[in-house]
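Please open the structure in your viewer with the whole chain displayed, and keep the selection tool at hand. The stops below are meant to be taken in order.

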Amino acid sequence: MRANTLIIRWNTQSLTKQFLLIGGIVATTAMVLVGGFVSSLIEDAVTRNSAATTALYVDSVIAPLLPDMQTTQVLDDAATRALDETLGQGALGDRLRSFRLWRADGTVLYSNEANAVGKRFDLNDELRTAFAGQMVARFEPFDAAADETDRAGRAPLLKIYNPVLQPWSGQVVAVSEFHEIANDFQRSLRQARFHAWLAVAAFTVSFFIVLSAIVLRGSRTIESQRRALRQRIDELSALLSQNETLRERVQRASQRATALNESHLRRIGADLHDGPAQLVAFASLRLDSNALVSPSTSSAAREREIIAIKASLDEAMDEIRTICSGLVLPQIEAASLSEILERSVQAHKQRTGSAVDLSISAAPDRLSPSAKICIYRFVQEALNNAYRHGGGVGQRVVQTMEGDRVRIEVADSGPGFDPGDIQPTSLGLAGLRERIESLGGAFEVSSSNPGTVVRMSLSSEEIGQA
């Protein structure tokens with residue numbers, strides 16, 4: 001569980017932080033390894049070069065003092081004194097801590113330590129390598145053989161094992177072991193190490209900084225693209241949500257379309273049956289009565305019957321025209337919003353003879369045909385309801401703009417009603433709600449005593465593209 005938590009936390013970090021952490025660890029490890037390797041190479045090279053120089057100098061001084069080592073197994077007193085005098089004076093004497101001349105069987109032929117001369121020891125690895133013809137050099141930061149009580153007197157030593165060659169045959173006849181006090185060598189070696197570490201560190205840091213800059217730039221680009229992609233995804237999610245809402249509205253509207261159409265047809269049929277059909281039937285009954293054809297009927301009575309029949313037919317015709325005028329839209333395709341509102345209000349005034357106040361503010365430049373029809377039907381139905389249920393008292397139509405949305409409000413000062421009593425099967429308000437919401441608009445009804453307000457709103461984008 002803890003491992004999973006760490007992995008999750010690690011994945012949530014930016015690429016820059018991940019690179020700085022991992023890259024820093026790798027760069028530091030590489031710097032230590034490379035620095036140690038380069039420092040070791042430099043130390044070996046410096047030690048070998050310094051040892052070779054010292055060995056060459058010692059050979060040039062000591063070789064002439066030695067007898068023929070192939071025929072002489074020990075040094076005589078003259079050679080010993082010459083070596084003592086040579087090794088104990090001059091620059092070589094000041095720097096020489098220990099000197100031994102070895103024979104191949106491990107016998108010490110000469111040493112500046114008198115108690116070691118003539119003793120025989122087992123050959124170590126350095127002596128074996130020197131007797132094989134290769135010079136060996138080893139640097140020790142302090143003299144391990146010094147007295148433990150005299151730690152302050154310890155000095156760094158450069159131990160050199162140099163083969164002594166026969167001049168005419170090149171055969172190794174002895175090995176000279178000398179320990180040189182290497183204070184200057186130690187300082188030079190420290191400087192070489194410092195410069196090596198400094199160069200490796202500078203190169204590693206520079207390389208890491210350049211890579212970090214590249215990664216940082218790439219990380220910023222990726223992060224910018226990620227933010228843009230996330231923003232795009234959010235926008236697409238919002239659009240999908242809006243599309244889903246619209247799809248639900250359209251589905252709901254399509255499900256109710258047939259029922260609403262049938263309800264409208266039933267209402268039209270009811271209006272025709274209860275109005276013009278009854279009046280025509282009344283006229284037909286009067287025509288079939290004996291009052292017009294009976295000889296006993298006076299001319300005045302016949303005239304009254306004819307006048308009543310004509311009045312009934314005229315009233316039926318008026319109601320038919322009223323029903324037709326409510327069904328047929330005026331020419332609004334090329335009309336502006338203000339013209340549509342004026343036409344719907346004027347038609348209501350002519351039909352009902354009631355007064356309507358109209359207030360128009362700034363309007364959008366373009367309207368789609370569906371938006372024009374929606375607005376016209378909204379005002380028409382709302383005014384009809386205000387006249388039918390509110391008595392046509394205080395009727396007013398107000399159009400305003402709120403941001404990018406156009407709002408239309410139809411109100412009256414009638415007795416009002418409870419909006420919760422509106423049934424889903426109600427034709428007028430339910431049809432308006434479905435029509436407006438199908439265009440992505442909003443529909444609202446509020447009522448009190450006195451007064452009822454019906455509002456609708458559409459965004460300018462929906463108005464122009466619907």
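Begin by selecting Val-26, which counts as exposed because its relative accessibility is 51%, where exposed means over 50% relative accessible area, buried under 20%, and partly exposed in between, with a 1.4 Å probe and protein chains only. Before going further, please note that this is a predicted model, in which local features need pLDDT of at least 70 and side-chain atom pairs count only at pLDDT 80 or more, while totals for chains, interfaces and linings use all residues. Residues are numbered from 1 along each chain as its sequence is written, and side-chain values use heavy atoms, with hydrogens and water left out.

**The surface around Val-26**

Val-26 belongs to helix H2, residues 15–62; helices (H or I, at least four residues) and strands (E, at least two) are DSSP runs, numbered from the N terminus. Add Leu-21, Ile-22 and Ile-25 to the selection, and together with Val-26 they form a nonpolar surface patch with about 360 Å² of accessible area. A patch is made of residues with over 30% relative accessible area and no salt bridge, like charges being joined within 9 Å and nonpolar side chains (Val, Leu, Ile, Met, Phe, Trp, Tyr) within 5 Å. The areas come from the Shrake-Rupley method with a 1.4 Å probe, and for residues only the protein chains shown count as cover.

**Further along H2**

Stay in helix H2 and select Ser-50, which counts as partly exposed at 22% relative accessibility. Which residues is Ser-50 in contact with, leaving aside its neighbours within four places in sequence? They are Leu-158 and Phe-185, contact being taken as heavy atoms within 4.5 Å. Ser-50 and Leu-158 are 108 residues apart in sequence, yet their C-alpha atoms are 8.9 Å apart in space.

Next select Arg-190, in helix H6, residues 183–288; Arg-190 is exposed, with a relative accessible area of 52%. Its C-alpha atom is separated by 9.1 Å from that of Glu-43, although their positions lie 147 residues apart along the chain as a separation in sequence.

**Salt bridges**

Searching the whole structure gives 12 salt bridges, each one a side-chain nitrogen of Lys or Arg within 4 Å of a carboxyl oxygen of Asp or Glu. Select Glu-126 and Arg-138, whose closest N and O atoms are 2.6 Å apart. This pair links distant parts of the chain, with Glu-126 in helix H5 (residues 125–131) and Arg-138 in strand E3 (residues 136–140), 12 residues apart. Arg-138 is partly exposed, its relative accessible area being 28%.

Move on to Glu-409 and Arg-455, where the side chains meet in a salt bridge of 3.0 Å, N to O. Glu-409 lies in strand E8 (residues 405–412) and Arg-455 in strand E10 (residues 452–459), so the pair ties together parts that are 46 residues apart in sequence. With a relative accessible area of 23%, Glu-409 is partly exposed.

Then select Glu-437 and Arg-433, a salt bridge in which the closest N and O atoms are 3.8 Å apart. Both are in helix H10 (residues 428–438), and because they are four residues apart there, about one helical turn separates them. Glu-437 is buried at a relative accessible area of 15%, whereas Arg-433 counts as partly exposed at 33%. Returning to the earlier pair, salt bridges that share partners join Glu-126, Arg-138, Glu-140 and Lys-159 into one network.

**Helix H9**

Select residues 369–390, which make up helix H9: its 22 residues reach 30 Å from first C-alpha to last, close to the 32 Å expected at 1.5 Å a residue, the expected span being 1.5 Å times one less than the number of residues. Is H9 mostly covered or mostly exposed? H9 is mostly covered, with 16 of its 22 residues buried. Just after H9, Gly-391 takes a positive phi of about 75°.

**The whole chain and its confidence**

Now show everything: the protein chain has 11 helices and 10 strands, and buried residues make up 34% of its 466 residues. The chain exposes about 27800 Å², of which carbon and sulfur atoms supply 56%.

Finally, colour by pLDDT, the predictor's confidence in each residue, from 0 to 100. The chain averages 77, and 76% of the residues score at least 70. Confidence is highest in strand E6 (residues 356–360), at a mean of 91, and lowest in helix H11 (residues 460–465), at 60. Over residues 147–152 pLDDT stays under 50, and the model has one contact for them beyond four places in sequence. Where pLDDT is low, the predicted coordinates should not be read in detail.
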